[in-house]
Amino acid sequence: MMVADLIEEKRAGTFAQAQMTPAPPWLPMLGRLITASVFGLAVAAVASLVPMLVAGITIPPRWAALLPALLLGINVLAFTFLLAALALVSPMIGALQSLFTSLVLLLNGRHGGADLHSRAGQPGVLELPG
């Protein structure tokens with residue numbers, strides 16, 4: 001969302017006006033990143049909590065999951081900041097964003113790959129397709 005907003009402001013010419021501020025260039029970008037993050041967290045919270053409440057699902061919090069969750073959040077913010085920086089200098093940011101998103105989906109195992117199946121009383125047996 002942040003990248004799309006930057007592209008739109010760049011096309012409309014309002015991004016150049018925003019850069020005339022006496023603040024360092026990274027400060028408005030950090031503000032945009034924080035704003036996009038808060039909005040994204042709110043959307044994710046609603047998208048997670050509504051189905052949980054409707055279906056009556058509870059997920060017990062675990063302290064051991066806190067550090068990986070924080071590191072994942074930092075990684076997402078860094079990825080967004082990288083795409084925003086590329087949006088400012090590259091005329092092909094739409095194609096690059098699509099490429100990066102496809103790579104993330106491909107490398108996290110969402111498309112094909114190994115499936116975990118429980119068979120014959122053996123939970124978590126790794127079964128390769130084919």
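Helices here are DSSP runs of H or I with at least four residues, strands are runs of E with at least two, and both are numbered from the N terminus. The model is predicted.

**Whole chain**

Start with everything shown, coloured by secondary structure. Reading from the N terminus, the order is α-α-α-α-α-β-β. That makes five helices and two strands. Now colour by burial. The chain has 130 residues, and 11% of them count as buried. Contacts come next. Take pairs at least 6 apart in sequence: 47% of these contacts join residues at least 24 apart.

**Stop 1: α3 and α4**

Select residues 26-55 for α3 and residues 66-89 for α4. Their axes come within 11 Å and cross at roughly 130°. An angle over 145 degrees would count as roughly antiparallel and 65 to 115 as roughly perpendicular; α3 and α4 are therefore oblique to each other. The crossing of α3 past α4 is right-handed.

Show side chains at this contact. On α3, pick Met29, Leu30, Leu33 and Ser37. Facing them on α4 are Leu77, Thr80, Phe81, Ala84 and Leu88. By class, the residues of this contact are seven nonpolar, two polar and no charged.

**Stop 2: α4 and α5**

Keep α4 and add α5, residues 93-107. Here the axes come within 9 Å, crossing at roughly 160°. The cut-off for roughly antiparallel is over 145 degrees, so α4 and α5 are roughly antiparallel to each other. This crossing, too, is right-handed.

Which residues make the contact? From α4, select Phe79, Leu83, Leu86 and Ala87. From α5, select Ile93, Gln97, Phe100 and Val104. Seven of the residues in the contact of α4 with α5 are nonpolar, one is polar and none is charged.

**Stop 3: the core**

Clear the selection. Pick Val3, Ile7, Leu83, Ala87 and Ile93: these five residues form the largest nonpolar core. Which elements give two or more residues to this core? They are α1, residues 2-12, and α4. Three core members were already on screen at the previous stop: Leu83 and Ala87 of α4, and Ile93 of α5, belong to that helix contact.

**Stop 4: Val3**

Centre on Val3. Leave out residues up to four places away in sequence, and Val3 touches Leu83, Ala84, Ala87, Ile93 and Gln97. Several of these names are familiar. Ala84 appeared in the contact of α4 with α3. Gln97 appeared on the α5 side of the contact with α4. Leu83, Ala87 and Ile93 sit with Val3 in the largest nonpolar core.

Note on methods
Residues are numbered from 1 along each chain as its sequence is written. This is a predicted model: local features need pLDDT of at least 70, side-chain atom pairs count only at pLDDT 80 or more; totals for chains, interfaces and linings use all residues. Side-chain values use heavy atoms; hydrogens and water are left out. Axes are lines fitted to C-alpha atoms, for helices over the stretch in contact, and angles run from 0 to 180 degrees between N-to-C directions. Angles under 35 degrees count as roughly parallel, over 145 as roughly antiparallel, 65 to 115 as roughly perpendicular and the rest as oblique. A crossing is left-handed if the near helix is turned anticlockwise from the far one by less than a right angle, and right-handed if clockwise. Contact means heavy atoms within 4.5 Å. Ala, Val, Leu, Ile, Met, Phe, Trp, Tyr, Cys and Pro count as nonpolar, Asp, Glu, Lys and Arg as charged, and the others, Gly among them, as polar. A nonpolar core is a set of buried Ala, Val, Leu, Ile, Met, Phe, Trp, Tyr and Cys residues joined through side-chain atoms within 4.5 Å. Buried means under 20% relative accessible area, exposed over 50%, partly exposed in between (1.4 Å probe, protein chains only).
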